[in-house]
Amino acid sequence: MSSTFKSIWRNHNCRWGVIILLPIFFVGLAGVYLTPYDPIRQNLNQVLQAPSWQHLCGTDFYGRDLFSRLIYGSRITIGLALCATFLAIFGGTLVGLMAGFLRGWTDRIIMRTVDIFMGFPRFFAVLLIAGICRTSFGSTVIVLTLFSWMETARLVRAETLAIRESLYVKSAIALGLSHGRIARTYILPNLLGIVITSATLLVGTLIIIESSLSFLGLGTQEPSASWGTILSQGRLDPIGAWWIATISGLLIVITVIGFNLLGDGLKQLRDESKL
Amino acid sequence: MMEKVSQPLINVVDLVITYSRGVLFNRDKIVAQVAANNISFSVHQGETLAIVGQSGSGKTSLAMAILGFVKPTTGEIKFTGENINNLSNTQYRQYRARIQPIFQDCGAALNPQMTVGQAIGDGFPNSLPKSQRKTSLRELMVKVGLDEKIFSAFPRQLCGGQKQRVCLARALATGADFLILDEPFSAQDTLHQAQLMSLLRQLKNSHNLTYLLISHDLMTVRLLADRILVLRSGKIIESGSVTEIFKAPHNEYTRELVLRAGILPQ
């Protein structure tokens, strides 16, 4: 296990991904202790204050401290993306494993369903459903999950088909082990690398989609803060209140880069069979 | 009682294995390749039958058919007199557990995510109590010459000889009495070959095991087998005891194989 962590740290992309994401996660988790102001409470005497020692990232149109709102928003944006990623990866792995392991009609039905879902442009499909449904944390997670499981399912299916033909699975079949046990103990643990890589890359994509939805007013709703809603506020006065759009936009970009670097690094390690 | 003793453990009758595949852009055309052509033989309990022949002669296909990984096109494979295609699911599982393969690439035959202990433990029947499992596991490791220290090691931490022994221990854990040894010595150096051969002989005597040895190396075959089948292009071209085949091969191809192995003087 420690050698796996060493390999991760030695990989250039992984290391930078971790260096970027670790402070964001730490600040997000320890937010309550770090935020000097209530992220929702308005203070009309402090409207549109530029960044200063008192307000590190300035204030917004309602006098709310932007630093506090960004920390609070990181929980919603990253939390939402992580929840949707977890569900999409879980569903995609299960479905891909079934398709690759059982083959035949199960495989055909599952893969045609994947094709149908992939036929929709993801962002527009999410936009459409989010527009119809009442927006909440739960519904956004469901909508994001619904259009994010397919890539994982395809990857897992392809990998399962390859593993199924391996000698160690043949040996397991020869031992007389049940299909469920072979899938659980012989195939699933060997899919872990591809699943982790897939998850890391998906989180970045989902952060962008969630932020875009919130930006368009279809995701997280005011007064709750997500990075997308903060960015959306920034467009009201991009020059006069430059810090709102700039800081929230930068945060989204840096986080997505962090996840993508980590994902790319893990992919490299997997290709080198170190994961 | 007498009949039971003389009944072969495995009886292959008129076995034909054909691999067919379609042709791209021509749905009506199917290319068929015959891997085994009308093969019949039997193996008795406690015997070692070697199947020799060059690459592509159909040796591995035959083994895969006996293991149930390849479906025969025609013909029958009988295990203790029962056609394996007519077995119920439970009977088929029992059959599977009694016949175990030892592959050439033993490293690839072990799950990279499982420790030695877990890999061997997977061979035990579910009915074996947990308390007895650990004792049996350690006994098996000693029996095949594995150090108990490698109990928690992963396959990537083992050398070729150790991996082969782990596979052997796992096969024995199932209670198998018929082992299909598919080129077990080809990936080993001379020292490990000799050690493994001696271990196989020892296990055969102590467990009354039956071996189906698939090899192209006639030197190892001579040292381990009782009878030999010579396969060429999916057909048996000669069969007989080791002494018969090596002393006076009838077929020109067999003679050539024996000559190449340096066993028969030119």
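User: Happy to look at this one with you! With which residue does Arg260(B) form a salt bridge?

Analyst: Good place to start; this is a predicted model, in which local features need pLDDT of at least 70, side-chain atom pairs count only at pLDDT 80 or more, and totals for chains, interfaces and linings use all residues. Residues are numbered from 1 along each chain as its sequence is written, chains are lettered from A and ligands numbered from 1 in the order in which they are written, and side-chain values use heavy atoms, leaving out hydrogens and water. A salt bridge here is a side-chain nitrogen of Lys or Arg within 4 Å of a carboxyl oxygen of Asp or Glu. With its closest N and O atoms 2.5 Å apart, the partner of Arg260(B) is Glu256(B).

User: Thanks! In which helix do Arg260(B) and Glu256(B) lie?

Analyst: Helices (H or I, at least four residues) and strands (E, at least two) are DSSP runs, numbered from the N terminus. The two residues are four apart, about one turn of the helix, and both belong to residues 252-260 of chain B, helix α10.

User: Is Glu47(B), the partner of Arg227(B), buried or exposed?

Analyst: The side chains of Arg227(B) and Glu47(B) meet at 2.5 Å, N to O. Buried means under 20% relative accessible area, exposed over 50%, and partly exposed in between (1.4 Å probe, protein chains only). Arg227(B) is partly exposed at 25%, whereas Glu47(B), at 11%, counts as buried.

User: How many residues apart in sequence are the parts that Arg227(B) and Glu47(B) tie together?

Analyst: Arg227(B) sits in strand β9 (residues 227-232) of chain B. Glu47(B) is in the loop between β2 (26-43) and β3 (48-52) of chain B, so the parts tied together by this pair are separated in sequence by 180 residues.

User: Lovely. Which are the edge strands of the open six-stranded sheet in chain B?

Analyst: Strands pair if DSSP finds at least two bridges between them. The sheet has mixed pairing and the order β6-β7-β8-β3-β9-β10 (chain B). Pairing on one side only, the edge strands are β6 (99-102) and β10 (235-241) of chain B.

User: What angle does the direction of helix α3 of chain B make with that of β6(B)?

Analyst: Helix α3 (residues 89-98) packs on the sheet, touching β6 and β7 (178-182) of chain B, where contact means heavy atoms within 4.5 Å. Axes are lines fitted to C-alpha atoms, for helices over the stretch in contact, and angles run from 0 to 180 degrees between N-to-C directions. For α3 and β6(B), the angle is about 40°.
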